[in-house]
Amino acid sequence: MRCPPLPASGMRIMLLRSVALAANEFGEGVAVVRDRVLQLTWQNRRAYVRDLATFAPLDTFPYTGGGWGLAWDGARLVMSDGSSALVFRDPDTFAETGRVTVTTGGVELERLNELECAGGLVWANVWLTDFIARIDPASGTVVDWLDLTGLLT
C-alpha cells in the first residue's frame with residue numbers, strides 16, 4: 001500500500017509536551033519503556049529517565065561512550081554509539097547485559113544511528129547514507145536493507 005503524499009502547505013504540528021536539556025547537552029536516542037521515557041545525550045554520557053505522563057525527572061544513568069540511538073524491544077534496551085556495536089541494557093538499571101557486533105557480508109558496519117525494534121529485528125539508520133539496515137539482534141548480521149535513495153529529493 002502506498003501512503004498519500006504530505007500536503008505541500010498548511011500542515012500543522014502540535015507540540016504536546018517538551019523538556020529542555022541543558023545548553024551544553026545534545027539529545028539523541030529516545031525510547032519509551034512502559035510508563036517511562038529514556039533519553040540519551042550524545043557526548044555527555046547521561047541517560048535521563050522521565051515519567052511518560054508528566055516528563056517529571058525520575059532518574060539519571062551514566063554510561064561510557066557516545067549516545068546515538070536507543071530502542072526498546074519489549075524486554076531490553078538496544079543502544080548504539082556510532083560504532084558497529086549494539087549494546088543491550090537493562091531497562092531499570094541501564095546496566096549493560098550484552099552486546100553484538102553488526103556485520104554485513106562479513107564486514108563490520110559502523111555509524112549505526114537511530115534505532116527501532118520491529119518484527120524481531122533492530123532497524124538502524126546508517127548515518128550519512130540513505131540506507132536502513134535490518135539487523136538480527138542475536139547474531140548482529142544485517143539480514144536486509146531499505147534503500148531510501150531519492151526520498152529527500
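Which residues does Val-102 touch, not counting residues up to four places away in sequence? Let's start there, and keep in mind that what we have on screen is a predicted model.

So, Val-102. Its contacts beyond that sequence window are Ser-84, Leu-86, Val-107, Glu-108, Leu-109, Leu-112, Ile-135, Gly-140 and Val-142. Several of those names come back when we turn to the nonpolar cores. The largest core has 15 residues, and the ones touching the most other members are Leu-86, Val-102, Leu-109, Leu-112, Leu-115 and Ile-135. If you like to think in strands, at least two residues of this core come from each of β7 (85-89), β11 (112-118), β12 (121-126) and β13. Strand β12 gives the largest share, three residues. There is also another core lying apart from this one; it has 13 residues, including Ala-31, Leu-38, Leu-70 and Leu-77. As general background, nonpolar side chains in soluble globular proteins tend to be buried together.

Now to the charged side chains. How many salt bridges does a search of the whole structure find? The count is six. Let me walk you through some of them.

Take Arg-46 and Glu-25, a salt bridge whose closest N and O atoms are 2.7 Å apart. This pair ties together distant parts of the chain: Arg-46 sits in strand β3 (residues 46-51), Glu-25 is in the segment before β1 (27-33), and 21 residues separate them. Is Glu-25 buried or exposed? Its relative accessibility is 11%, and the cut-off for buried is under 20%, so Glu-25 counts as buried. Its partner Arg-46 is partly exposed, at a relative accessible area of 29%.

Next, find Arg-134 and Asp-144 on the model. They form a salt bridge too, with 2.5 Å between the closest N and O atoms. Here again distant parts of the chain are linked: Arg-134 belongs to strand β13 (residues 131-135) and Asp-144 to strand β14 (residues 142-147), 10 residues apart. Asp-144 has 29% relative accessibility, so it counts as partly exposed. Notice that β13 has now come up twice, as a strand that supplies at least two residues of the largest core and as the home of Arg-134.

Then there is Glu-96, whose side chain meets that of Arg-99 in a salt bridge at 2.8 Å, N to O. Glu-96 is partly exposed, with a relative accessible area of 41%.

One last stop before coffee: a network of salt bridges links Arg-34, Arg-36 and Asp-92. Thanks, everyone, and I'm happy to rotate the model if you'd like another look.

Terms used:
Residues are numbered from 1 along each chain as its sequence is written. This is a predicted model: local features need pLDDT of at least 70, side-chain atom pairs count only at pLDDT 80 or more; totals for chains, interfaces and linings use all residues. Side-chain values use heavy atoms; hydrogens and water are left out. A salt bridge is a side-chain nitrogen of Lys or Arg within 4 Å of a carboxyl oxygen of Asp or Glu. Helices (H or I, at least four residues) and strands (E, at least two) are DSSP runs, numbered from the N terminus. Buried means under 20% relative accessible area, exposed over 50%, partly exposed in between (1.4 Å probe, protein chains only). A nonpolar core is a set of buried Ala, Val, Leu, Ile, Met, Phe, Trp, Tyr and Cys residues joined through side-chain atoms within 4.5 Å. Contact means heavy atoms within 4.5 Å.
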